[in-house]
2 protein chains.
Amino acid sequence: MKLTFLGTSSGTPTRHRNVSGLAVQTVLGADWFLVDCGEGTQHRVLQTPLSLNDLAAVCITHVHGDHCYGLPGLLASAGMGKRTKPLKLIAPLPVWEWFEATRRLTDLHLPYEVEHVDLENEALVYDMPGLRIERHVLRHRVPSHAYRVQVETRRVRLKAEALRAVGLPPGPAWRALQNGEDVSFNGETLHSADFVDTQVDTAVAVLGGDNAEPAMLHEACQGAQLLVHEATFTQDALDKVGPGPMHSSARLLAEFAQSVEVPNLILTHFSARHQNGEGMAALMAETQAHYRGHAFLANDLDVYELDSAGKVTVTRA
Amino acid sequence: MKLTFLGTSSGTPTRHRNVSGLAVQTVLGADWFLVDCGEGTQHRVLQTPLSLNDLAAVCITHVHGDHCYGLPGLLASAGMGKRTKPLKLIAPLPVWEWFEATRRLTDLHLPYEVEHVDLENEALVYDMPGLRIERHVLRHRVPSHAYRVQVETRRVRLKAEALRAVGLPPGPAWRALQNGEDVSFNGETLHSADFVDTQVDTAVAVLGGDNAEPAMLHEACQGAQLLVHEATFTQDALDKVGPGPMHSSARLLAEFAQSVEVPNLILTHFSARHQNGEGMAALMAETQAHYRGHAFLANDLDVYELDSAGKVTVTRA
C-alpha cells in the first residue's frame, strides 16, 4: 500500500502545506483512492504521477471545507480530461447534498457517473477482491469518520519438487496449476491445491479524519500495521485552545497508538502555529515520549509505503 | 491601479497556471478587490503581499467552477484569520445561492457579514469616493460579465508663488489650504480654491469574464486605458473546437481592441493546449497582427501597474 500526502495542514492552507488530501494506491492495479479532498487537492495531484482517470473512489471523512472543498473542481477537471469511468463518492450525506447543489447551481455537467455511498448506512463501504474499506465513527464537531483499508495480496508458489516427482515437465501446465486450474496428466488429474503454496499478505492501514478522541479507533486498529491520524496541536497548545474545536494532540494520539500497539504512526493535519522547525520538533518529541513504535510527521507530497512485512518506508518530496 | 494575476488558465489548473483570479489594488488604501475566485485562489494569495483582511469585495464574472470554486475556502480562511470587516460579494444570483448552500451544508460559520450585490439588478455595483465599478454584460454559455473599474485620484498642488505674494509664511496654514480649508490671515479670508491647482487622474480598466464576443465591450471600453480579456484559443484552435464553448480567440480580441483603440491589452485564460513556448508565441503573433497597442500575455503572479499617464508596466514573478 502506498500513501501520498496531498495536504497536511489543518483548517487553512499555508505556503508549504495544503489542506487535507491523501492518495492511497494498492498493488492491485492503477486504480487509486482519495481520502479527503480539500481545496487545491487537484493541484497537488498534478505534482504526482497519479491520473484522475484512474481514481476509483473519493472517501470524505467529514463535511468541513478543508476536507471537501476541492471535490467539485477535481471532479470537473476529471470530466474535462474526458473521464468516462464511474466514480464512487463515499461520504456523509451533507457532502453528497453539497455536491448535488454544486452540480445544479454551477452548470457542472460530468461525462461520467458519480455514485454516492452513504457512510451512515453501511460500515463496509468498499468491497472488491483484495480490497476492503470500512468506515469507523470518530468524535468531532460534525459526524467524522476514519477509513480502515485492508489490502490482501496472494503469492502463489508452485511446489516444483512435487511436480518434478510426478514427472510433469515445466511449461503451460505449470502455469495453469499456479493459476488455480486442475490439469490432466498421464490419465490422472493433478489438483492445483496439491501443488501450490498460497501465502496471503494482509496490509491494514487506518486513515483518520478529524477526531478529538483517538480511542474511538480501538476496534479499527486491531490488526493494523499503520495508523494515520490528525495531531493538530501539541498538548500544551490544545490545553490553551480548549476542547471546542475537538481535535487531538500528539500526546493523546501517541498514548492511544501505544495502547493498541500499532507499529507505525503517521501524524498529519498540523495547526499553522506548529508549522516550523521548532513546532515540528515539539510534536515529534511529544509523540516519542508516549509511543515506542515508528512515528512520522507527514509533509505534503511525502510518499509512504507499507510493505507486506508491516514495515513503513518514506520517500520525501 | 495594480493588477496581480492569480490564475491564467482556462477550465482546469495546470502545473504553472491556476484557474481564474485577479487581484485589483488602487492607490486609495490597503483595500483590494478580487475579480473571480477559482479553486486555489487563496493559495496564490499566500504567494503575494495581499492580506485577506483587506479584501473589500469579491466580484465574480460568472458561475462556472473555474471562476468561483475557490470562494468558500477563501472566505473560510479569512474567517479563521479573525476577519470581522464585512465583505461584498458582487456576483450573479446562482453564485450567491451556491455560497448560501455551501454555508448551510458544510457547517461554515463566518465571523463577518457577506453582503450580496446582485449583478442583474444594477450596473453600478460598487461606488465610493474615487472608485466606481460597473458591470457589463458578455456573451457566454451562462450569464457572464465584465467589470469596468474606474479610479480617480486627485493631486492638489499649492500655488506657492501666490501664497508668498500675499505674505503667508509656509506652515500649518499652507497644509490647511491644500486640504481644502479656508484660512484667516491678516483679517482676510484666504479661500483654498484660489490657492490650489487640482488635477484629477482617471484610470480605467475593463476586466472581462468568459466571452465569445469582445464587441460586447464596445461601450465599456470608451475611455479605458486597459482591457484584460480572455483569449482561450488561437483562431485556428477556435475554428477546430467550434463555437460551443463560447470563448474568444486572440484574433477576435485583438481586432476588437484595435477597433476601440484601447491602448493596452492583457490576454489571459489560456487553454492548456497553448501553455508552452510555441503556443504563447502563436497567441502573441496573432494578437500583434491585428492590434497596434501594447499587448501582454499574463502569467500567474505577474503584477501590472497602470499609471496616471495610461502607461502599463509589468513585473514578472
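This report walks through the two chains of a predicted model, from their symmetry to their sheets, helices and domains.

## How the two copies are related

Let us start with the overall arrangement. Superposing chain A on chain B takes a rotation of 179° with 0.1 Å of shift along its axis, and the fit has an RMSD of 0.2 Å. The two copies are thus related as by a two-fold rotation axis. Both copies use the same surface, since 100% of the contact residues of chain A recur in chain B.

Which residue of chain A comes closest to the rotation axis? That place belongs to Gly40(A), with its C-alpha at 2.6 Å from the axis.

## Where helix α4 meets its counterpart

A good spot to look at next is the pair formed by helix α4 (residues 93–105) of chain A and α4(B). Their axes come within 10 Å and cross at roughly 180°. Angles over 145 degrees count as roughly antiparallel, and α4(A) and α4(B) are therefore roughly antiparallel to each other.

On the chain A side, the residues that meet the other helix are Pro94(A), Glu97(A), Trp98(A), Ala101(A), Thr102(A) and Leu105(A). Facing them in α4(B) are Pro94(B), Glu97(B), Trp98(B), Ala101(B), Thr102(B) and Leu105(B). By character, the residues of this contact between α4(A) and α4(B) divide into eight nonpolar, two polar and two charged.

## The eight-stranded sheet of chain B

Chain B holds an open sheet of eight strands in the order β6-β5-β4-β3-β2-β1-β16-β17, with mixed pairing. At its edges are β6 (114–118) and β17 (312–315) of chain B, each of which pairs on one side only. From one strand to the next the twist averages 20°.

Inside this sheet, strand β4 (residues 55–59) of chain B runs parallel to strand β5 (residues 87–91) of chain B, and three bridges join them. Here Ala57(B) stands opposite Lys88(B) in β5(B). Two helices pack on the sheet. Helix α3 (residues 71–80) of chain B touches β3 (32–37), β4, β5 and β6 of chain B, and its direction makes about 145° with that of β3(B). Helix α4 (residues 93–105) of chain B touches β5 and β6 of chain B, with its direction at about 155° to that of β6(B).

## Around His116 in chain A

Over in chain A, strand β6 (residues 114–118) contains His116(A). Which residues does His116(A) touch, not counting those up to four places away in sequence? They are Leu89(A), Ala91(A), Pro92(A), Leu93(A) and Trp96(A). For Leu93(A), the separation from His116(A) is 23 residues in sequence and 8.6 Å in space, C-alpha to C-alpha.

## The seven-stranded sheet of chain A

Chain A also has an open sheet of seven strands, ordered β7-β8-β9-β12-β13-β14-β15 and with mixed pairing. The edges are taken by β7 (124–128) and β15 (294–297) of chain A; each has a single partner strand, so one side of each is left without a neighbour in the sheet. The twist here averages 15° from one strand to the next.

Four bridges pair β7(A) with strand β8 (residues 131–137) of chain A in the antiparallel sense, and Leu124(A) stands opposite Glu134(A) in β8(A). These two strands form a hairpin with two residues between them, and Gly130(A) in the turn has a positive phi of about 90°. On the next step, β8(A) pairs with strand β9 (residues 145–158) of chain A, again in the antiparallel sense, over seven bridges. The bridge partner of Val137(A) in β9(A) is His145(A).

Two helices lie across strands of this sheet. Helix α9 (residues 250–259) of chain A crosses β13 (226–230) and β14 (264–268) of chain A, running at about 165° to β14(A). Helix α10 (residues 277–290) of chain A lies across β14 and β15 of chain A, at about 160° to β15(A).

## Domains of chain A

Finally, the domain picture. An automatic or database assignment divides chain A into domain 1 (2–155 + 203–315) and domain 2 (156–197). The C-alpha centres of these two domains of chain A lie 44 Å apart.

Methods: Residues are numbered from 1 along each chain as its sequence is written. Chains are lettered from A and ligands numbered from 1 in the order in which they are written. This is a predicted model: local features need pLDDT of at least 70, side-chain atom pairs count only at pLDDT 80 or more; totals for chains, interfaces and linings use all residues. Side-chain values use heavy atoms; hydrogens and water are left out. Two strands pair if DSSP finds at least two bridges between them. Axes are lines fitted to C-alpha atoms, for helices over the stretch in contact, and angles run from 0 to 180 degrees between N-to-C directions. Contact means heavy atoms within 4.5 Å. Angles under 35 degrees count as roughly parallel, over 145 as roughly antiparallel, 65 to 115 as roughly perpendicular and the rest as oblique. Ala, Val, Leu, Ile, Met, Phe, Trp, Tyr, Cys and Pro count as nonpolar, Asp, Glu, Lys and Arg as charged, and the others, Gly among them, as polar. Copies are superposed by least squares on the C-alpha atoms of residues with pLDDT of at least 70 in both.
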